[in-house]
Amino acid sequence: MVRVALAIGGIRAALVAPAVCATALIAVLWRRLRSIDASATIPQVEIQLLRSIPMFAALPAPSLEGVARQLLPVEVPGGTVVIREGDPGDSYYAVADGELIVSRDGKVVQRLAHGDGFGEIALIRDVPRQATVTAVNDALLYSLEKEPFLETITGQVSAFSAARTVITRHLGEAENPLSEGDPGLGES
């Protein structure tokens with residue numbers, strides 16, 4: 001195309017021809033591009049929730065959006081055990097709404113609320129659940145299955161480092177439980 005324009009109209013035509021072709025192509029495809037753009041949904045609530053969790057906060061925007069699209073909403077009635085100490089781990093959970101308690105050996109060690117997450121120890125270390133998490137009242141959680149969770153956390157140095165810090169803190173708390181009224185972040 002540029003060679004033809006150069007041969008027909010000289011250097012000026014050779015420089016203008018690609019811009020004219022690109023403009024024509026955009027004009028032809030404009031409606032289709034607008035409809036694709038209009039139909040694209042961005043999971044804003046899920047992205048903001050993940051940004052509040054240290055393991056996910058440092059992820060680049062495309063990775064964060066990809067993880068947010070894989071989250072599944074889980075409505076949990078008050079009194080429901082979400083995960084039980086000793087069970088195998090299959091998902092990570094992020095708390096969107098409600099309050100939950102974390103207990104080890106029957107003792108409350110943490111309280112969880114919006115922006116907290118739990119389940120990472122069993123997934124990352126491939127061990128049984130280290131605690132039981134029970135909904136105090138009706139809660140909305142988002143779950144992320146084991147494989148996408150591990151791919152995300154182990155694929156980003158900053159996320160893996162944050163996960164290790166959280167795990168170290170939680171395992172240390174198992175030896176020195178918090179009183180029932182103390183707030184805390186995460187479980188596993």
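**Exercise 1. Which residue in strand 7 does Val81 stand opposite?**

Before the solution, a note on the basis: this is a predicted model in which local features need pLDDT of at least 70 and side-chain atom pairs count only at pLDDT 80 or more, while totals for chains, interfaces and linings use all residues. Residues are numbered from 1 along each chain as its sequence is written, and side-chain values use heavy atoms, with hydrogens and water left out.

Solution. Start with the elements: helices (H or I, at least four residues) and strands (E, at least two) are DSSP runs, numbered from the N terminus. Next take the pairing, where two strands pair if DSSP finds at least two bridges between them; strand 2 and strand 7 are joined in the antiparallel sense over two bridges. The residue opposite Val81 is then Thr134 in strand 7.

**Exercise 2. Work out the order of the strands in the open sheet and place Val102 within it.**

Solution. The open sheet has four strands in the order 2-7-4-5, and the pairing is antiparallel. Its edge strands are strand 2 (81–83) and strand 5 (107–112), each of which pairs on one side only. Neighbouring strands of this sheet are turned by 30 degrees against each other on average, direction ignored, where the axes are lines fitted to C-alpha atoms, for helices over the stretch in contact, and angles run from 0 to 180 degrees between N-to-C directions.

Now follow the bridges of strand 4 (residues 100–104), which pairs with strand 5 in the antiparallel sense over five bridges and with strand 7, also antiparallel, over four bridges. Val102 has Gln110 opposite in strand 5, and its bridge partner in strand 7 is Val133.

**Exercise 3. Sort the side chains of strand 7 by the direction in which they point.**

Solution. In a regular strand, side chains alternate between the two faces of the sheet. In strand 7 (residues 132–135), Thr132 and Thr134 point one way and Val133 and Ala135 the other way, and all are buried. Buried means under 20% relative accessible area, exposed over 50%, and partly exposed in between (1.4 Å probe, protein chains only).

**Exercise 4. Compare the surroundings of Leu50 and Thr152, taking contact to mean heavy atoms within 4.5 Å.**

Solution. Leu50 belongs to helix 3 (residues 44–51) and counts as buried because its relative accessible area is 1%. Leaving aside neighbours within four places in sequence, Leu50 is in contact with Phe56, Ala57, Leu64, Val67, Ala68 and Leu71. Tyr142, although 92 residues away from Leu50 in sequence, is 9.8 Å away in space, C-alpha to C-alpha.

Thr152 sits in helix 7 (residues 146–155) and is likewise buried, because its relative accessibility is 13%. Not counting residues up to four places away in sequence, Thr152 touches Phe56, Leu59, Val67 and Ala159.

**Exercise 5. Is Glu145 buried or partly exposed, and what does Glu145 touch?**

Solution. Glu145 lies in strand 8 (residues 139–145) and is partly exposed, because its relative accessible area is 49%. Beyond residues up to four places away in sequence, Glu145 touches Leu72, Asp90 and Ser91. The C-alpha atoms of Glu145 and Gly89 are separated by 9.4 Å, and these residues are 56 apart along the chain.

**Exercise 6. Is Ile11 buried or exposed?**

Solution. Ile11 is found in helix 2 (residues 11–39), and Ile11 counts as exposed because its relative accessibility is 62%.
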